[in-house]
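Reader: I'd love a close look at one part of this model, with the neighbouring pieces filled in around it. Could you walk me through it?

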Amino acid sequence: VQLQASGGGLVQDGGSLRLSCAASGRIFSINVMGWYRQAPGKQRELVARIFSGGSVNYRDSVKGRFTISRDTANNTVYLQMNSLKPEDTAVYYCYRGQSGEVYWGQGTLVTVSS
């Protein structure tokens with residue numbers, strides 16, 4: 001399974017960005033896709049995930065600001081990030097879990113300037 005992420009960049013405090021991550025290869029219908037992030041000097045943390053059944057989870061600090069969605073037909077997950085804050089600055093990694101395996105995309109840098 002290969003994951004191709006895109007959409008990072010530089011944005012001002014309060015701005016918006018949308019990340020995309022497309023999966024290809026050996027795809028199974030039962031899966032979870034989502035995003036982690038890692039800021040400099042910090043551990044990687046889960047931001048949001050969406051299961052193939054439709055349920056979603058968010059970390060508390062992004063609830064009400066970030067929205068995760070998916071296009072099942074195209075095996076793509078999106079992360080709409082609104083009201084961005086400087087503390088959201090990090091490298092964002094998409095991932096996919098299926099059949100007991102976890103696959104990672106390349107990171108995409110999100111920088112929020114104050």
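How many disulfides does a search of the whole structure find? Please start there and then work outwards.

Author: Happy to! Please keep in mind that this is a predicted model. A search of the whole structure finds one disulfide. The two partners are C21 and C94, with their sulfur atoms 2.1 Å apart. A disulfide is a covalent bond between the sulfur atoms of two cysteines. C21 belongs to strand β3 (residues 17–24) and C94 to strand β9, so the bond ties together parts that are 73 residues apart in sequence. Its torsion about the S-S bond is about 50°, so this disulfide is right-handed. C21 and C94 are both buried.

Now for the sheet that holds one of those strands. β3 is part of an open sheet of four strands, ordered β1-β3-β8-β7, and the pairing is antiparallel. β1 (2–6) and β7 are the edge strands; each has a single partner strand, so one side of each is left without a neighbour in the sheet. From one strand to the next, the twist averages 15°. Within this sheet, β3 and β8 are paired in the antiparallel sense over six bridges. If you want a place to look along β8, find Q80, which has R18 standing opposite.

Let's move to the edge strand β7, which spans residues 66–71 and includes S69. With a relative accessible area of 33%, S69 is partly exposed, because that value falls between the 20% limit for buried and the 50% limit for exposed. Leaving out residues up to four places away in sequence, S69 touches I50, T76, V77 and Y78. The C-alpha atoms of S69 and A48 are separated by 9.8 Å, and these two residues are 21 apart along the chain.

Next comes the loop between β8 (76–81) and β9 (90–98), where you will find D88. D88 counts as buried because its relative accessibility is 1%, and the limit for buried is under 20%. The side chain of D88 has a polar contact of 3.0 Å with the side chain of R37. Besides R37, the contacts of D88 beyond four places in sequence are R65, F66, S83, V110 and V112.

One of those contacts, S83, lies in the loop between β8 and β9 as well. At 40% relative accessibility, S83 is partly exposed, whereas D88 is buried. S83 also deserves a look at its backbone: phi is about 50°, a positive value, although the residue is not a glycine. Most residues other than glycine have a negative phi.

To finish, follow the chain to the loop between β9 and β10 (101–104), where S99 is found. S99, again a residue other than glycine, has a positive phi near 50°. S99 is exposed, with a relative accessible area of 56%, while S83 is partly exposed at 40%.

To put the pieces back together: the disulfide of C21 and C94 ties β3 to β9, β3 pairs with β8, and the loop between β8 and β9 contains the buried D88 with its polar contact to R37.

Notes:
Residues are numbered from 1 along each chain as its sequence is written. This is a predicted model: local features need pLDDT of at least 70, side-chain atom pairs count only at pLDDT 80 or more; totals for chains, interfaces and linings use all residues. Side-chain values use heavy atoms; hydrogens and water are left out. Helices (H or I, at least four residues) and strands (E, at least two) are DSSP runs, numbered from the N terminus. Buried means under 20% relative accessible area, exposed over 50%, partly exposed in between (1.4 Å probe, protein chains only). Contact means heavy atoms within 4.5 Å. A polar contact is a pair of N or O atoms within 3.5 Å; within protein, one must be able to donate a hydrogen and the other to accept it, and residues adjacent in sequence count only if both atoms are side-chain atoms. A disulfide is a pair of cysteine sulfur atoms within 2.5 Å. Two strands pair if DSSP finds at least two bridges between them. Axes are lines fitted to C-alpha atoms, for helices over the stretch in contact, and angles run from 0 to 180 degrees between N-to-C directions.
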